[in-house]
Amino acid sequence: MLITINNKKFTDNSKEANSEIAFVYSAQNKNFCDDAKNNGCTQLIASEKLKDYVDFSSIKVIGITGTNGKTTTAAAIYSILLDLGYKVALQGTRGFFINDKKIEDYTLTTPVQLANFAHIQKAIDNQCDFFVTEVSSHAIQQKRIEGIDFELKVHTNITRDHLDYHKTIEEYINVKNSFFNDETKKLINRDDKVVKFNTKNAFTYSLDNPSTYKVGAYSFKNGMHVMFSNIEKMHSFSSLMMGIFNIYNLMAAIASVHLTTNKSLDEICDVVENFAGVSGRMEIVSTNPLIIIDFAHTPDGMKEVYESFNHKDIITVFGAGGNRDKEKRPLMGQIAAKYAKQIIVTSDNPRFEDPDLIIEDICTGIKDKSNLLIEVNRKEAIKKAIELAKQNENSVLLILGKGDEPYQIIYDKKFPLVDKDEVLKHI
């Protein structure tokens, strides 16, 4: 990738490096230093030294990591800051945004180092006060965020995910926790049992355990209404969003803005209700029948969604990604069987795996198959689920796994498929 900052050009591609373009090398590409030199490159910069060539002191960077909730929490922080009058950039799963305008589509949750630097510089060029970014476990381990000084690091939760890459849950947990080893100001979900962090400059939020921002009471009626305490003073906010996990997400967002601005908690809470949520994250697509689309694609993520609708007859459609963690598949089936009245197992993004075999893996976790329907075609699965939902006034149809993804990956090809569009065809 080639970027220009302060009229100086940098690349991490040795083929692009020359006498005028510096080559930035890291563990991933250091073997190509000789190639860069052969192309006439006279300046080779170690990735950890790249920060010496930029000045990011005018902007506050907020980084959010965790298995679930990164996208919603980041988007909520972005929304709240904008409503409070700040200029803000947002980078993450949904793309790159500056002041409510989409600049780039999604590529990676957290881009490579040079792209991060280019985005931060672009935010500065647009007079942004804040740069909010999702931080993936891959980005932490591959040092894509190297050289970024964070004003605040935010932790949402750590549950099972990405074991196709990290191999063991212990390695995954350790990588996530490593983000919080330093003395940077940090905000931690105190209810997470596996999080470990440097307590210096640490603040916490919670529903269950004592914390800096402690939820004392909440109710769900036409959305959520939450009361919480900070230094023994009570505050409250309301939102049309649903689910206990979204209380955590909004608490993380409120606390983050409080810790990085001079705004009072009451000022911050006043604008929370303006944030309607993220497309494809607990998105209500229809109210009659009640149909909700969510990105949940891990056992814990599914459990959180299902538990938000214990008072309803749950109909669920989901699958599992191919060429990813196989061991989570029966666990996903097990969770669905525990909560759902009707289960339809279908394809997600099968990639290079046989979708029928992926479905078989999921179904091994479903002991009682009397309410199980298998439909490998995701479009047909959604259609059949809607027909079932129309027959039961107390039902909720939860379509999980893909959120607002605009495609389905089969082999290495992307075929257009949007869960929301499929729902709208049949209601």
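**A tour of the sheet and two helix packings**

Begin with the open sheet of this predicted model. Select its 11 strands, which follow the order β8-β7-β6-β9-β5-β10-β11-β12-β13-β14-β15 with mixed pairing. Next, colour β8 (101–104) and β15 (233–239): these strands stand at the edges, and each has a single partner strand, so one side of each lacks a neighbour in the sheet. Viewed across the sheet, neighbouring strands are turned by 20° against each other on average, direction ignored.

Now move to the pair formed by β5 (residues 60–65) and β9 (residues 130–134). These two strands run parallel and are joined by five bridges. To inspect one position, select isoleucine 62, whose bridge partner in β9 is valine 132.

With the sheet still displayed, add helix α7 (residues 244–260), which packs on the sheet. The strands that α7 touches are β5, β9, β10 (152–155), β11 (186–189), β12 (202–206), β13 (213–220), β14 (224–230) and β15. Relative to β13, the direction of α7 makes an angle of about 140°.

For the last stop, select helix α10 (residues 328–339) together with helix α11 (residues 355–363). Their axes lie 6 Å apart, and the two helices pack at an angle of about 55°. That angle makes α10 oblique to α11. Show side chains where they meet: α10 contributes Arg329, Pro330 and Gly333 to the contact, while α11 contributes Ile358, Asp361 and Ile362. Classified by residue type, this contact of α10 with α11 comprises three nonpolar, one polar and two charged residues.

Definitions and conventions: Residues numbered from 1 in each chain as written. Predicted model: local features only at pLDDT ≥ 70, side-chain atom pairs only at ≥ 80, totals over all residues. Heavy atoms only, no water. Axes fitted to C-alpha atoms, helices over the stretch in contact; angles between N-to-C directions. Helix = DSSP H or I, 4+ residues; strand = E, 2+ residues; numbered from the N terminus. Parallel < 35°, antiparallel > 145°, perpendicular 65-115°, else oblique. Contact = heavy atoms within 4.5 Å. Nonpolar A, V, L, I, M, F, W, Y, C, P; charged D, E, K, R; others polar. Pairing = 2+ DSSP bridges.
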